[in-house]
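Reader: I am in my first year and would like to look carefully at one part of this structure, rather than skim over everything. Could you take me slowly through a single sheet and whatever is packed around it?

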Amino acid sequence: MIRSIRGRLLVLAAVWLCAALLGAFLLISSLLRDFVTDRFDAEAAAIADSLIGQLQVQDGTVTLDDTPVDARFLLPFSGWYWQVDAGDRLVDRSLSLLDGRLSGPAGDFTGRAGRDSDGAGLRTLRREVTLPDSDAPIAITVTAPLSQIRDSLRHIIRPLAVALAVLGLGLAAASVIQVTAGLKSLMRLRVDLARVRAGDAPRLALPDVTELRPLAAEINAALDQNAVLLTRSRQHLGNLAHSLKTPLAALSNDLPADHAGQALIARMDRLIGWHLRRARQQGGRVLGQQTPIAPVIDDILLVLRWPMQDKGMTAQVDCPPDAAFPAERQDLEEIVGNLCENAVKWGRSHLRISVTTGATLRLVVQDDGPGLAPDQAPKALARGGRLDEQGPSGAGLGLAIVADLAALHGGELLLERSELGGLAAVVTLPA
């Protein structure tokens with residue numbers, strides 16, 4: 001089954017074109033065959049009429065006053081023959097017959113098939129007449145060779161076949177051009193939709209063809225509805241977060257700082273934050289979003305400036321000014337923020353952030369901390385997973401959130417050994 005619209009249209013056009021050309025060839029060749037045979041029959045009829053006009057009766061005997069002057073009837077075994085019979089008596093015959101004689105059924109007919117003495121096909125015409133002074137029925141027989149009729153047809157039908165083949169090629173080329181031009185607007189719509197998905201455009205431009213305008217309008221309406229639903233979902237999540245965190249904060253304030261329930265409250269707070277982030281991420285992204293990366297990195301480093309000053313850490317940023325993240329700013333802030341917080345938390349004196357673009361977007365955050373062994377990466381990416389319970393405080397959710405966000409947008413998070421000696425968190429995303 002052909003799954004391409006272009007392929008289906010071209011196949012249908014080819015089928016109908018071949019059927020039309022074949023039908024035209026059969027019809028025209030049939031008309032030409034009738035025309036050629038009618039022309040030969042007309043010539044034979046003219047010869048027969050000429051012979052009838054030369055008949056005369058002398059003393060009860062039928063004779064020919066004169067014979068047709070036609071070179072074709074002089075050449076022996078040419079297939080062009082004429083013969084006049086009066087009853088069972090041969091009155092006269094063409095020189096091309098030599099001593100042969102034509103035989104066949106009685107009656108008037110035109111176009112009946114016959115055979116020459118050598119087996120060659122003949123087309124036969126026979127006329128029966130009577131003369132006033134003769135009682136014998138007079139039969140005039142004229143034949144034409146089928147080979148000449150076929151040659152005449154071949155000389156006409158061959159150019160016809162060539163002409164129809166050239167016409168078919170021209171119509172096939174026209175069909176390809178027509179289908180390509182007709183689908184051009186559909187291809188443009190696909191390109192516009194890819195631009196929306198990549199974040200280069202917020203909506204689809206209305207196509208210039210009437211048939212695609214309703215489709216583009218429906219897609220734009222779906223984009224608007226997606227944005228509205230996502231915004232509303234996040235508002236509800238914010239309200240839920242406030243309604244849950246406020247009672248937890250009140251409960252924490254009511255309990256002594258050294259109460260055993262404080263650890264449980266902190267754990268509940270971390271889990272609520274984790275699940276709220278997961279719910280927001282799974283809500284999907286708004287199509288058509290494009291977020292510059294450099295400003296987000298600057299904002300995250302501005303927030304982390306005090307922890308970095310306390311540790312004496314320096315930051316090196318290598319990010320093209322036109323680098324963009326194909327989604328919303330909140331998701332990029334989650335990715336960069338969590339990776340940078342983790343690097344500042346575990347790093348000693350240096351933080352490096354690099355961004356490269358091309359077929360894929362690659363974001364790398366490196367530190368000079370203790371790093372990870374290869375077998376420690378799965379636990380670091382697990383929800384709430386921590387490799388050093390005595391290390392800096394945290395929920396153990398940062399890397400897991402980044403991994404989930406990267407997967408949500410079609411990418412992945414890899415944990416590698418940094419050139420600085422610590423951890424290198426590498427996020428790759430489709431550009």
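Author: What follows is a close look at one sheet, with its helices, a cavity beside it and a few of its residues, and then a short look at the other parts of the chain.

Please keep in mind from the start that this is a predicted model. The chain has 431 residues, of which 36% count as buried, and its secondary structure comes to nine helices and 14 strands. Among the contacts with a separation of 6 or more, 59% are between residues 24 or more positions apart.

The part to look at is an open sheet of five strands, which follow one another in the order β9-β11-β12-β14-β13 with mixed pairing. Because β9 (314-318) and β13 (412-417) stand at the edges and have a single partner strand each, one side of each is left without a neighbour in the sheet. On average, neighbouring strands of this sheet are turned by 15° against each other, when direction is ignored. In general, the strands of a sheet pair through backbone hydrogen bonds, and they do so either parallel or antiparallel. An antiparallel pair can be followed here between strand β12 (residues 360-367) and strand β14 (residues 423-430), which are joined over seven bridges. If you would like one bridge to find by eye, look for L361, whose bridge partner in β14 is L429.

Two helices pack on this sheet. Helix α7 (residues 329-346) touches β11, β12 and β14, and its direction makes about 20° with that of β12. Helix α9, by contrast, touches β13 and β14, with a direction that makes about 130° with that of β13. Helix α9 covers residues 398-408, and its buried residues are L399, A400, I401, V402, A403, L405 and A406. After α9 comes G410, which has a positive phi, near 85°.

Within α7, a residue that repays attention is L332. With a relative accessible area of 2%, L332 falls under the 20% limit and is therefore buried. Once its neighbours within four places in sequence are set aside, L332 is in contact with T291, P292, I293, V296, F325 and G337. One of these contacts spans a long stretch of chain, since L332 and T291 are 41 residues apart in sequence, while their C-alpha atoms are 7.9 Å apart in space.

On the sheet itself, you can turn to S354, which is found in strand β11 (residues 350-356). S354 has 18% relative accessibility, so it too counts as buried, the limit being 20%. Not counting residues up to four places away in sequence, S354 touches D318, R362, L363 and V364.

There is also some empty space to consider. As a general matter, rolling a probe the size of a water molecule over the atoms shows where such space is left. The count comes to four cavities of 30 Å³ or more, and the largest cavity holds about 60 Å³ of space. This largest cavity is lined by I293, F325, L332, I335, V355, L361, R362, L363, V427 and L429. The elements that give two or more residues to this lining are α7, β12 and β14, and β12 gives the most, with three residues. By class, the lining has nine nonpolar residues, no polar ones and one charged residue. You have already met L332, L361 and L429, which are among the lining residues.

For comparison, another open sheet of five strands has the order β4-β3-β7-β6-β5, and its pairing is antiparallel. Its edge strands are β4 (89-93) and β5, each pairing on one side only, and its twist averages 25° from one strand to the next. Helix α1 (residues 5-53) lies across β3, β5, β6 and β7, running at about 40° to β6, whereas helix α2 (residues 146-198) lies across β6 and β7, at about 45° to β7. The second largest pocket, with about 470 Å³ of space, takes at least two lining residues from each of β3, β5, β6 and β7, and β5 gives the most, with five residues.

Conventions
Residues numbered from 1 in each chain as written. Predicted model: local features only at pLDDT ≥ 70, side-chain atom pairs only at ≥ 80, totals over all residues. Heavy atoms only, no water. Buried < 20%, exposed > 50% of the residue type's maximum accessible area, 1.4 Å probe, protein only. Helix = DSSP H or I, 4+ residues; strand = E, 2+ residues; numbered from the N terminus. Contact = heavy atoms within 4.5 Å. Pairing = 2+ DSSP bridges. Axes fitted to C-alpha atoms, helices over the stretch in contact; angles between N-to-C directions. 1 Å grid on protein atoms, 1.4 Å probe; cavity = no way out; pocket = protein on both sides within 12 Å on 5 of 7 lines; lining within 4 Å. Points joined across faces, edges and corners; volume = space filled by probe spheres on them. Nonpolar A, V, L, I, M, F, W, Y, C, P; charged D, E, K, R; others polar.
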